[in-house]
Amino acid sequence: IHDTLAEFMNRPTSIEDLKQLFYQKIQKTTLSTADRLFYNSTFEHHIAPFIIENYQKCQTYTEITGQTTIPVHNHSFTITARVDRIDIQNNQATIIDYKTGTTPTFNQVVKGYCPQLSLEAWLILCGGFKEIHPSGVCDLSYWHLGRSCKISNFSDSKHDITLEQLIQQTETGLKQLLELFDNDTTPYEVCPIAQLAPTYNDYE
């Protein structure tokens, strides 16, 4: 699904072309016939119409990789990210993450439990993506793709923090985390936050 949308967004045509592109890609997988039929149906009747309905003509970058280097004590740390999609309108960036499984809540993003989008936003603003240089980030967005497609956007009004403050908080938290773990006495705990520990944890 990710590969299909990345290729399609770079040369959008019709919904039939979008479906055919997906059919071609899924035929190259090792999925069973039953699984292919299931995903073909989901894509044809739910995901493809949703993508076409929400398409807006703008400058779009898909599966784009960025990185930056942060000084930590006497050396440096490089952080990299691969973003599903970045839309640029009026020199403002919207970061889009496609989710075919469980979608994090923005409450989890704000608390730092799921920092992917806010880290990508910070990476954009510090020039981590060579291809793009927007003046700001205007939205973080999850696109849930399945039999019930929907878009979840970050909203300042629903949280006690603005998007700008969230990005600043993410940068501060990242640097504190790097400094903390750049210390031989800092333990790497399996489940540092007990209430978020998974029910089944083979790793532990």
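In this predicted model, β1 and β2 make a hairpin with two residues between them, and His73 in the turn has a positive phi of about 55°. The two strands of the hairpin, β1 (59–72) and β2 (75–89), run antiparallel and share 13 bridges. Two of the pairings can be picked out by name: Ile70 has Phe77 of β2 as its bridge partner, and Thr68 is matched in the same way with Ile79 of β2. Glu63 also belongs to β1, and its phi is positive, near 45°, even though the residue is not a glycine. As a rule, most residues other than glycine have a negative phi.

Stepping back to the whole fold, the protein chain holds six helices and five strands. Going along the sequence, these come in the pattern α-α-α-β-β-β-α-α-β-β-α. The C-alpha trace spans about 55 × 45 × 35 Å along its principal axes. The chain has 204 residues, and 39% of them count as buried. Among contacts with a sequence separation of 6 or more, 60% link residues that are 24 or more positions apart.

The hairpin is part of an open sheet of five strands, ordered β1-β2-β3-β4-β5, in which the pairing is mixed. β1 and β5 (150–153) each have a single partner strand and stand at the edges, so one side of each has no neighbour in the sheet. From one strand to the next, the twist averages 40°. Between β2 and β3 comes a loop that includes Asn91. Phi of Asn91 is positive too, near 65°, again in a residue other than glycine. Asn91 is partly exposed, at a relative accessible area of 40%.

At the other edge, Ile151 sits in β5. What does Ile151 touch, once its neighbours within four places in sequence are set aside? The contacts of Ile151 are Phe50, Asn54, Ser141, Tyr142 and Trp143. Even with these contacts, Ile151 is partly exposed, with a relative accessible area of 29%, a value that lies between the cut-offs of under 20% for buried and over 50% for exposed. Ile151 and Ile161 are 10 residues apart in sequence, and their C-alpha atoms are 21 Å apart in space.

Now for the helices at the start of the chain. α1 (residues 2–9) lies across β1, β2 and β3 (92–99), and it runs at about 110° to β1. Thr4, Leu5, Ala6, Phe8 and Met9 are the buried residues of α1. The cover over these buried residues includes two helices, α2 and α3, together with the strands β1, β2 and β3.

α2 (residues 15–26) and α3 (residues 33–53) also pack against each other, at an angle of about 150° and with 10 Å between their axes. Angles over 145 degrees count as roughly antiparallel, and α2 and α3 therefore fall into that group. Their crossing is right-handed. From α2, the contact is made by Ile15, Leu18, Lys19, Phe22, Tyr23 and Ile26. The α3 side supplies Arg36, Tyr39, Asn40, Phe43, Glu44, Ala48, Pro49, Ile51 and Ile52.

In soluble globular proteins, nonpolar side chains tend to be buried together. Where does that happen here? The largest nonpolar core has 31 residues, and those with the most contacts inside it are Ile86, Ile95, Ile124, Val137, Leu140 and Phe154. Two or more residues come from each of β1, β2, β3, α4 (106–110), α5 (116–125), β4 (136–144) and α6 (163–181). Ile95 gives a good view of this region: leaving out residues up to four places away in sequence, it touches Val83, Arg85, Leu117, Glu120, Ala121, Ile124, Val137, Asp139, Leu140 and Ser141. Ile124 and Val137 thus turn up both as contacts of Ile95 and among the residues with the most contacts inside the core.

A second core, separate from the first, has 17 residues, including Leu5, Phe8, Phe22 and Tyr23. Leu5 and Phe8 are also on the list of buried residues of α1, while Phe22 and Tyr23 are among the α2 residues that meet α3.

Notes
Residues numbered from 1 in each chain as written. Predicted model: local features only at pLDDT ≥ 70, side-chain atom pairs only at ≥ 80, totals over all residues. Heavy atoms only, no water. Pairing = 2+ DSSP bridges. Helix = DSSP H or I, 4+ residues; strand = E, 2+ residues; numbered from the N terminus. Axes fitted to C-alpha atoms, helices over the stretch in contact; angles between N-to-C directions. Contact = heavy atoms within 4.5 Å. Core = buried A, V, L, I, M, F, W, Y, C linked by side-chain atoms within 4.5 Å. Buried < 20%, exposed > 50% of the residue type's maximum accessible area, 1.4 Å probe, protein only. Parallel < 35°, antiparallel > 145°, perpendicular 65-115°, else oblique. Left-handed = near helix turned anticlockwise from the far one by under 90°.
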